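This report introduces a protein structure to a reader who has not met it before. It treats the charges first, then the overall form, and then individual residues.

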Amino acid sequence: MYVWMTIWTILLLTSGLAFLVVLVYVSFGVKAELRDTLNDLKADVDESRAHEEILDRPIE
């Protein structure tokens, strides 16, 4: 019985550690993707501010 408890405890700890590793890996990926998206958005806003005369024309 003691052997089975040890095996299950090791399995549980390994699974928990693997979950945390995957969680950290995904978090860093999401953070990088969000940073890239926000940089693209900032570049688009800067470009539109540089050409405000186009934005001020009425829509036909």
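## Charge, form and surface

In this protein, the mean position of the 5 positive charges and that of the 10 negative charges lie 9 Å apart. The model is a predicted one. Part of the negative charge is gathered in a surface patch, made up of Glu33, Asp36, Asp40, Asp44, Asp46 and Glu47. Of these residues, Asp46 belongs to helix H1.

The secondary structure consists of two helices and zero strands. The radius of gyration is 25 Å, well over the 10 Å that the globule rule gives for 60 residues, and the protein is therefore more spread out than a compact globule. Along the principal axes, the C-alpha atoms fill a box of roughly 80 × 20 × 5 Å.

Helix H1 covers residues 2-50. One pair of residues illustrates spacing along the chain: Val3 and Phe28 are separated by 25 residues in sequence, and their C-alpha atoms are 38 Å apart in space. Phe28 has its place in helix H1.

How much of the protein is buried? Buried residues account for 0% of the 60 residues. The protein exposes about 6100 Å², and carbon and sulfur atoms supply 70% of that area. A nonpolar patch of about 580 Å² also lies on the surface, where Val3, Trp4, Ile7, Trp8 and Leu11 form it. Leu11, like the residues discussed above, can be assigned to an element, namely helix H1.

The table below lists the accessibility of three residues.

| Residue | Relative accessibility | Class |
|---|---|---|
| Leu11 | 42% | partly exposed |
| Asp46 | 40% | partly exposed |
| Phe28 | 56% | exposed |

The classes follow from fixed limits, since a residue counts as exposed over 50% relative accessible area and as buried under 20%, with partly exposed in between. Phe28 is classed as exposed because its relative accessible area is 56%. Leu11, a member of the nonpolar patch, counts as partly exposed because its relative accessibility is 42%. Asp46, a member of the patch of negative charge, is likewise partly exposed, because its relative accessibility is 40%.

In summary, the predicted model shows a protein of two helices and zero strands, with a nonpolar patch and a patch of negative charge on its surface.

Terms used:
Residues numbered from 1 in each chain as written. Predicted model: local features only at pLDDT ≥ 70, side-chain atom pairs only at ≥ 80, totals over all residues. Heavy atoms only, no water. Patch = residues over 30% accessible without salt bridge, like charges linked within 9 Å, V, L, I, M, F, W, Y side chains within 5 Å. Areas by Shrake-Rupley, 256 points an atom, 1.4 Å probe, with all protein chains shown as cover. Salt bridge = Lys/Arg side-chain N within 4 Å of Asp/Glu carboxyl O. Helix = DSSP H or I, 4+ residues; strand = E, 2+ residues; numbered from the N terminus. Buried < 20%, exposed > 50% of the residue type's maximum accessible area, 1.4 Å probe, protein only. Lys, Arg positive; Asp, Glu negative; His and termini not counted. Charge placed at Lys NZ, Arg CZ, Asp CG, Glu CD. Rg over C-alpha atoms; globule rule 2.2 N^0.38 Å.
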